[in-house]
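Here's a walk through one chain, going from a single side chain out to the sheet, the charged pairs and the nonpolar interior. Have the viewer open and follow along.

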Amino acid sequence: AAEDIEMLESKIIELTDKIEVELIPKDEHDDKNIIIEMRAGAGGDESTLFSAEMFRGYGKYAEANGWTVHIVSSSKSEAGGFKEIIFEVKGRAGSNGTTGGPYSKFKYESGVHRVQRVPETEKQGRVHTSTITIAVMPELEEKDYSIEMKDLKIEATTSSGAGGQSVNTTYSAIRIVHIPTGIVATCQDERSQAQNKEKALAVIRSRVAAHFREIEEKKITDNRRSQIGTGDRSEKIRTYNFPQDRVTDHRINQNFNQINLIMEGQFEPIISALQVADLEMRRAAIAD
């Protein structure tokens with residue numbers, strides 16, 4: 001009987017823990033594909049180069065999870081980096097053993113990412129600090145979030161390259177303006193006007209939904225404090241310190257080493273730590 005009691009008491013703890021986790025509401029967007037908007041911030045060319053490195057790292061991380069990456073639009077710098085790049089990550093939940101879709105992992109990447117390192121062009125070996133901003137939005141279908149077509153201004157233009165010069169003479173590029181909010185989306189990376197329009201509509205739908213979602217979330221400040229996943233895009237969330245071989249996530253005040261491997265797409269230790277912290281914060285919020 002004593003042995004049974006000891007076994008059953010440990011079972012109670014295990015089942016209680018499992019029940020508490022199951023009671024936490026699941027993020028309704030976890031299984032969604034995503035649209036990521038990445039923009040260079042402070043730091044000039046060094047910032048654009050870091051954007052390109054992060055895009056490459058995210059691509060490798062997505063591939064490791066069995067997902068695919070498609071560029072919607074991009075603007076390159078003279079240094080070869082990205083002033084701005086917008087791309088989709090698509091894939092099913094359960095791909096390559098994952099338990100959620102792209103949003104379940106990448107949602108922790110929204111915010112300001114700071115890099116500290118010596119640029120290749122720096123002759124005196126001084127460490128420079130640069131930033132990029134990243135916004136991660138679930139890609140919503142029309143059934144998920146509908147926009148009135150009368151609220152959209154859709155224009156077909158010629159594709160433009162670096163410096164604004166025309167790349168081709170066919171009107172295949174699409175620019176969409178959501179009139180009530182002034183939010184704009186463009187797409188010129190696909191060959192046909194129909195494909196560009198489809199991608200631009202997906203971007204404008206996600207941007208408008210995110211715009212109104214942020215307004216609602218700001219009304220519920222206590223709820224926002226109990227979540228790690230959907231941080232404000234102006235909040236500094238992570239620092240990549242190359243000289244000290246350290247990545248620091250400021251939301252959980254945790255350091256991760258082997259920065260070169262992380263930049264090669266090995267973000268899983270960071271994201272797993274954020275998922276655990278997010279889960280614990282949600283459990284605490286329910287207990288309160």
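In this predicted model, a polar atom of the Asn33 side chain sits 2.9 Å from the backbone nitrogen of Gly91. Asn33 itself is in the loop between α1 (2–23) and β1. With a relative accessibility of 22%, Asn33 counts as partly exposed. Leaving out residues up to four places away in sequence, Asn33 touches Val89, Lys90, Gly91, Pro102, Met137, Pro138 and Glu139. One of those, Met137, is 104 residues from Asn33 in sequence, yet the two C-alpha atoms are 8.7 Å apart in space.

Two residues on that contact list, Lys90 and Glu139, also meet each other: they form a salt bridge, with the closest N and O atoms 2.9 Å apart. The pair links distant parts of the chain, with Glu139 in the loop between β5 (128–138) and β6 and Lys90 in strand β3 (residues 82–90), 49 residues apart. Are the two partners buried or exposed? Glu139, at 10% relative accessibility, is buried, whereas Lys90 is partly exposed at 27%.

Glu139 has another contact in β3: Glu88, which is placed in that strand. Glu88 is buried, with a relative accessibility of just 3%. Beyond residues up to four places away in sequence, Glu88 touches Ile34, Ile35, Thr68, Val69, His70, Val72, Glu139 and Lys199.

**Charged pairs**

How many salt bridges does the model have? The count comes to 17. Three of them are set out here.

| Salt bridge | Closest N and O atoms |
|---|---|
| Glu37 and Arg207 | 2.2 Å |
| Glu139 and Lys90 | 2.9 Å |
| Arg175 and Glu155 | 3.4 Å |

Why does the Glu37 and Arg207 pair tie together parts far apart in sequence? Glu37 lies in strand β1 (residues 34–40) and Arg207 in helix α4 (residues 193–218), so the bridge joins parts that are 170 residues apart in sequence. Both partners are buried. For Arg207 the relative accessibility is 14%, and the cut-off for buried is under 20%, so Arg207 makes the buried class. Apart from residues up to four places away in sequence, Arg207 touches Glu37, Arg39, Ile86, Met137, Ile183, Val184 and Ala185. Salt bridges with shared partners also join Glu37, Arg39, Glu84 and Arg207 into one network.

The Arg175 and Glu155 pair runs between strands: Arg175 is in β7 and Glu155 in β6, 20 residues apart. Both ends are partly exposed, with Arg175 at 32% relative accessibility and Glu155 at 26%.

**The β6-β7-β8 sheet**

Those two strands belong to an open sheet of three, in the order β6-β7-β8, with antiparallel pairing. Which strands are at the edges? They are β6 (152–157) and β8 (183–187), each pairing on one side only. From one strand to the next, the twist averages 15°. β6 and β7 (residues 173–178) pair over six bridges. To find the register on screen, pick Leu152, whose bridge partner in β7 is His178.

**Nonpolar cores**

In soluble globular proteins, nonpolar side chains tend to be buried together. Here, the largest nonpolar core has 35 residues, and the ones with the most contacts inside it are Ile36, Met38, Met54, Tyr58, Phe106 and Tyr240. Which elements give two or more residues to this core? They are β1, α2 (45–64), β3, α3 (102–106), β5, α6 (259–263) and α7 (268–287). The largest share, seven residues, comes from α2.

Met54 is a handy place to start looking. Setting aside its neighbours within four places in sequence, Met54 is in contact with Met38, His113, Ile132, Ile134, Tyr240, Met263 and Phe267. Of these, Met38 and Tyr240 are also among the core residues with the most contacts.

There's a second, separate core of 18 residues, which includes Met137, Ile147, Ala200 and Ala210. Met137 brings us back to the start: this core residue is one of those touched by Asn33, and Arg207 touches Met137 too.

Terms used: Residues numbered from 1 in each chain as written. Predicted model: local features only at pLDDT ≥ 70, side-chain atom pairs only at ≥ 80, totals over all residues. Heavy atoms only, no water. Pairing = 2+ DSSP bridges. Helix = DSSP H or I, 4+ residues; strand = E, 2+ residues; numbered from the N terminus. Axes fitted to C-alpha atoms, helices over the stretch in contact; angles between N-to-C directions. Salt bridge = Lys/Arg side-chain N within 4 Å of Asp/Glu carboxyl O. Buried < 20%, exposed > 50% of the residue type's maximum accessible area, 1.4 Å probe, protein only. Core = buried A, V, L, I, M, F, W, Y, C linked by side-chain atoms within 4.5 Å. Contact = heavy atoms within 4.5 Å. Polar contact = N/O pair within 3.5 Å; in protein donor to acceptor, adjacent residues only side chain to side chain.
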